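Please report on the pockets of this protein, with attention to the elements and residues that line them.

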Amino acid sequence: MNDKLTEQDLQYIAEKLQVEVAALKAVQQVETGGRGGFLAPGKPVILFEGHIFWRRLKEKGMNPESYACGNEDILYPKWEKRYYKGGIREYDRLEKARNIDREAADASTSWGMFQIMGANYVVCGCSSVEEFVRAMCESEKKQLELAAEFIKRGGMLSALQNKNWAEFARQYNGAAYRENMYDRKLEKTYIKYRL
């Protein structure tokens with residue numbers, strides 16, 4: 001399906017969350033650089049995180065070190081940017097990881113225009129990471145709905161409503177948000193959309 005997000009979709013979700021449309025657009029713009037939620041039909045924008053995959057395998061009682069040889073580009077204990085391929089080529093990394101453990105691989109990937117980690121499927125209102133991935137593959141509107149649940153259930157709504165960009169960035173992207181000036185990017189983009 002992959003229907004494009006409409007202004008009405010954004011307005012509806014903004015009203016539901018009681019946030020400004022400009023604030024919602026700022027999050028979407030900063031997360032995907034203004035691109036849509038899909039790279040190709042049925043292929044949402046993704047970013048596979050090998051350090052998260054390492055952690056997820058450990059949580060499942062699997063030893064990531066025993067899978068590391070030949071999988072250095074998808075399996076490493078600390079965050080590494082150098083293995084990112086970007087765009088549709090991220091699916092090569094995801095498929096390679098799925099061959100080791102599909103659930104852990106999908107949970108270690110950020111999905112859609114709001115780049116939500118699969119591990120957050122419960123916070124998004126899904127019963128499994130598989131359900132979450134199916135929903136992300138459906139449409140940009142569905143990606144927006146999942147993001148709204150993530151923001152609301154994840155405790156970020158107040159920060160977004162109050163445009164407390166530093167707090168929102170910390171909760172949405174983690175403590176390292178300052179390294180990428182995520183809060184400043186959000187504020188600057190919000191101002192652009194508000195005009």
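In this predicted model, the lining of the second largest pocket draws at least two residues from each of helix 5 (90-98), helix 6 (102-107) and helix 7 (129-136), and the largest share, 4 residues, belongs to helix 7. The volume of this second largest pocket is about 210 Å³. Its lining consists of 14 residues, of which Arg98, Arg102, Asp106, Glu130 and Val133 are the closest to the centre of the pocket.

The largest pocket, for its part, has a volume of about 1300 Å³. Among the 38 residues that line the largest pocket, those closest to its centre are Leu47, Glu49, Tyr84, Asn173 and Asn180. Two or more lining residues come from each of helix 2 (21-32), strand 3 (46-48), helix 3 (50-59), strand 5 (116-117), helix 10 (165-173) and helix 11 (182-194), and within the lining of the largest pocket it is helix 3 that gives the largest share, with 5 residues.

The table sets out the lining of each pocket by residue class.

| Pocket | Nonpolar | Polar | Charged |
|---|---|---|---|
| Largest pocket | 16 residues | 12 residues | 10 residues |
| Second largest pocket | 5 residues | 2 residues | 7 residues |

Read by class, the lining of the largest pocket combines 16 nonpolar residues with 12 polar and 10 charged ones, whereas the lining of the second largest pocket holds 7 charged residues beside 5 nonpolar and 2 polar ones.

Conventions. Residues numbered from 1 in each chain as written. Predicted model: local features only at pLDDT ≥ 70, side-chain atom pairs only at ≥ 80, totals over all residues. Heavy atoms only, no water. 1 Å grid on protein atoms, 1.4 Å probe; cavity = no way out; pocket = protein on both sides within 12 Å on 5 of 7 lines; lining within 4 Å. Points joined across faces, edges and corners; volume = space filled by probe spheres on them. Nonpolar A, V, L, I, M, F, W, Y, C, P; charged D, E, K, R; others polar.
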